[in-house]
Amino acid sequence: MKFQIPIGPQHPALKEPISLRMTVEGEVIRDADIRLGYNHRGLEKLAEQKTWIQNIYLTERICGICSHSHTTCYVQGVEKLMELEPPKRGLYIRTLVAELERIHSHLLWLGVAGHEAGFDSFFMYTWRDREIVMDILEIITGNRVHYGINTIGGVRRDLDEQQVKRILDSLDILRQRSEYYKHLGTNEPSFVARLAGVGYLSREDAIALCAVGPTLRASGVAMDVRKDDPYAVYDEVPFEVCTADTCDVLGRTVVRIKELFQCYNIIEFLLKNLPAGPVAVRAPRRAKPNEVVSRYEAPRGENIHYIKSNGTDKPERLKVRAPTLGNYAATIQMLKNGFIADVPLIFAAIDPCICCAERAVSLVDARTGQEKIISLNSLKSLSLKLSAGNKRKREAEWPL
Amino acid sequence: MATVKTLIYLVIYPGLLFLFLYSTFVEWYDRKLYARLQNRMGPTHTGRFGLLQPIADFFKLMAKEDIVPERADKKMFSALPAFGLAIVFTAMLLLPLWNYSLDKPSVTSFSGDLIVVLYLLSLPTFIFFLAGWSSTNLFSTIGAARVLTMLFGYEVPLFLAVLSPAVLANSWRLAEIAAFYRQRPALALVNLLGFVIALICVQAKLERTPFDIPHAETEIVGGTFTEYSGKKLAIFRLMMDAEMVVAAGLLATVFLGGFPGGPLFGLLNFIVKTLFVIFFLSLIRATTSRIRVDQVVSFAWKYLAPLAIVQLLIVILVKGLLS
């Protein structure tokens with residue numbers, strides 16, 4: 001018996017609206033379909049009306065988890081347009097925050113994976129230890145989520161000796177805890193039984209479907225923007241690109257845990273070799289007409305910003321390709337021939353950030369399946385027209 | 001006098017009132033323990049140490065809007081919670097809590113009551129299946145199918161594990177089995193393997209992690225209970241708590257020597273021993289992740305069932321050595 005199961009747009013496994021339609025036979029998924037467009041951002045259009053500086057804070061709000069990724073990606077592009085050379089110390093601090101963000105994102109993901117697999121203790125523990133990173137970020141930038149540390153030409157805040165010492169102390173605790181999660185994530189039998197062999201994505205498929213980030217690296221492809229196209233100070237920092245060859249969710253978990261340890265090493269290196277000097281240079285208000293593509297390795301994968309300037313103090317066009325969008329095609333491949341029980345895990349394993357990848361709302365007719373895009377005003381008048389003759393519903397009564 | 005005693009037995013102890021209060025306490029105990037194991041606080045706000053939280057939850061749910069889906073089988077949908085609760089409360093009456101006296105087999109303690117309790121504990125599983133099926137919701141239907149699939153896995157090992165102590169004690173009456181192991185405590189150790197198997201099977205029967213597959217939140221929303229709300233959901237939740245008490249009580253009777261010492265000490269014994277069993281249930285819940293339904297069946301038939309048979313063989317050997 002074949003039938004369709006809707007996962008989303010509202011579903012406890014999904015924190016954001018997206019619709020996954022599964023055609024299942026019993027518990028086995030035969031076909032999968034992803035429908036986007038439940039979330040309207042209007043962000044790229046908004047960016048055209050704001051100045052270069054204002055846009056830093058706008059791009060920061062593309063995502064709550066990788067806020068620093070988007071600003072860095074944007075700021076790097078703008079710096080190239082303005083032909084600016086940020087000072088070394090500024091770049092070191094920028095990279096430091098980026099790696100701290102990677103740690104917090106990966107710890108968060110481990111917790112989510114635990115929760116999706118029904119392992120809530122794992123979830124509670126990883127999220128408790130994530131607080132340490134959040135505290136470090138608060139010490140450095142003054143904020144826990146939107147750090148607001150980037151500016152065109154460098155960073156906005158400097159580090160002092162005391163802060164460096166506190167960060168290094170906290171790193172020791174994090175290392176210890178990560179060892180424990182590494183042990184737990186790869187040894188707890190019921191957890192491994194859920195992860196191993198689930199969501200298989202072969203090396204060839206991963207390349208053909210343009211997967212990015214840990215999803216790609218877990219299929220055995222050592223591809224990382226930090227290594228392939230070094231930005232900031234990654235060409236000076238020694239680190240390894242972590243891969244796994246199991247091509248499944250377990251591999252994606254292992255890659256992320258390995259990356260955690262790389263992050264600790266990178267942070268230690270950055271703090272110990274922090275050059276002296278200013279943290280930022282003065283930036284001009286306008287950029288010459290030009291265009292640029294900026295790449296950045298976000299915790300979730302490759303993040304791309306395309307920026308076009310026209311000589312004014314505002315961008316003519318800003319296009320954002322969030323890493324989640326790059327992984328959707330691979331997700332469908334991973335879902336096929338899996339079990340219903342594995343859907344949340346497979347989908348969570350790409351670490352989806354749905355609102356990062358959403359741009360516009362499309363309306364789908366439930367009967368005919370026709371899709372169309374309409375303006376907000378006509379949507380309003382449509383809803384008023386449809387509900388014009390309706391009687392007002394009775395207020396809910398208190399049952400006692 | 002006999003009528004008064006029967007009434008007290010049914011309504012107050014160990015019947016409705018006691019089981020209601022104790023179930024809520026056990027829910028608090030389980031939640032608190034689970035929370036502490038996860039480095040959380042658990043309920044703290046309502047009552048001292050949050051003790052009244054489950055009762056508050058129950059009454060709050062009772063006051064919530066109660067929705068019956070348009071397409072559901074309405075009579076069955078509404079009747080099932082009441083049936084389920086009645087079944088579990090009946091099973092509680094059969095535990096040798098006040099009727100521990102061996103010489104006077106009464107209506108609630110008779111030869112073969114072990115089988116009746118096991119039967120009554122199987123019925124809630126069918127209640128869950130029917131509840132999911134009659135909701136006609138897609139997620140409920142999948143949940144219902146999973147309830148039954150799991151039943152095929154754990155039911156046989158559970159029966160084997162619980163029956164082997166009975167074979168050694170040479171009785172099908174709970175009070176007699178308990179008395180047998182009280183007299184020869186060393187023999188209770190023979191059933192250690194069976195106790196572990198029974199613990200795992202009871203965990204599966206109660207649908208708790210790693211076996212909370214029929215209502216796996218992240219996969220199929222509320223599973224069997226997706227469409228249930230308000231009073232009916234409150235009763236189902238109470239029923240699951242009561243089922244935990246009864247199942248823990250059954251294991252304590254069969255494996256841990258029952259609840260001797262008259263009404264008062266018997267009660268104390270009951271509380272200590274059931275909390276001991278539930279401690280392990282909470283521990284399993286906190287330290288495992290949810291497995292897949294096919295993994296449950298293969299795990300049950302690859303490991304639990306053969307081990308239960310090994311337990312039965314051990315019991316038969318020991319019995320031969322003793323006689």
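Student: The axes of helix α2 (residues 16-37) of chain B and helix α12 (residues 262-287) of chain B come within 9 Å and cross at roughly 40°; why is α2(B) called oblique to α12(B)?

Tutor: In this predicted model the crossing angle is roughly 40°, and angles under 35 degrees count as roughly parallel, over 145 as roughly antiparallel, 65 to 115 as roughly perpendicular and the rest as oblique. The value falls in none of the named ranges, and therefore α2(B) is oblique to α12(B). Angles run from 0 to 180 degrees between N-to-C directions, with helix axes fitted to C-alpha atoms over the stretch in contact. As for the conventions, residues are numbered from 1 along each chain as its sequence is written, while chains are lettered from A and ligands numbered from 1 in the order in which they are written. Local features need pLDDT of at least 70 and side-chain atom pairs count only at pLDDT 80 or more, whereas totals for chains, interfaces and linings use all residues.

Student: Which residues of α2(B) and α12(B) make the contact, and what is its make-up by class?

Tutor: From α2(B) come B:V26, B:Y29, B:D30, B:L33, B:Y34 and B:L37, and they meet B:L275, B:I278, B:F279, B:S282, B:R285 and B:A286 of α12(B), where contact means C-beta atoms, placed from the backbone, within 7 Å. By class there are nine nonpolar, one polar and two charged residues, and the crossing is right-handed.

Student: What makes α4(B) roughly antiparallel to α5(B)?

Tutor: The axes of α4 (residues 74-94) and α5 (residues 113-135) of chain B come within 9 Å and cross at roughly 165°. Because that angle is over 145, α4(B) counts as roughly antiparallel to α5(B). This crossing is left-handed. Among the residues in the contact are B:F77, B:L80 and B:F83 of α4(B) and B:V117, B:L120 and B:L121 of α5(B); the contact has 17 nonpolar, four polar and one charged residues.

Student: How do you know that β2 and β3 of chain A pair?

Tutor: DSSP must find at least two bridges between two strands for them to pair, and β2 (residues 19-25) and β3 (residues 28-35) of chain A have seven, in the antiparallel sense. One of the bridges links A:E25 to A:V28 of β3(A). The hairpin has two residues between the strands, and there A:G26 takes a positive phi near 65°.

Student: Why are β6 and β8 of chain A called edge strands?

Tutor: The order in this open, antiparallel sheet of chain A is β6-β7-β8, and β6 (290-298) and β8 (315-321) each pair on one side only. Nine bridges join β6(A) to β7 (residues 301-309) of chain A, with A:H305 of β7(A) as the partner of A:S294. Helix α3 (residues 67-82) of chain A packs on the sheet, touching β6 and β7 of chain A, and its direction makes about 150° with that of β6(A). Helix α12 (residues 323-335) of chain A also packs on the sheet, touching β6, β7 and β8 of chain A, at about 125° to β7(A).

Student: How many residues of chain A and chain B are in contact, and which element gives the most on the chain A side?

Tutor: In all, 28 residues of chain A are in contact with 25 residues of chain B, and α5(A) gives the most to the chain A side, with five residues. That side has 17 nonpolar, six polar and five charged residues. The model scores ipTM 0.85 and pTM 0.87.

Definitions and conventions: Two residues are in contact if their C-beta atoms, placed from the backbone, lie within 7 Å. Helices (H or I, at least four residues) and strands (E, at least two) are DSSP runs, numbered from the N terminus. Ala, Val, Leu, Ile, Met, Phe, Trp, Tyr, Cys and Pro count as nonpolar, Asp, Glu, Lys and Arg as charged, and the others, Gly among them, as polar. A crossing is left-handed if the near helix is turned anticlockwise from the far one by less than a right angle, and right-handed if clockwise.
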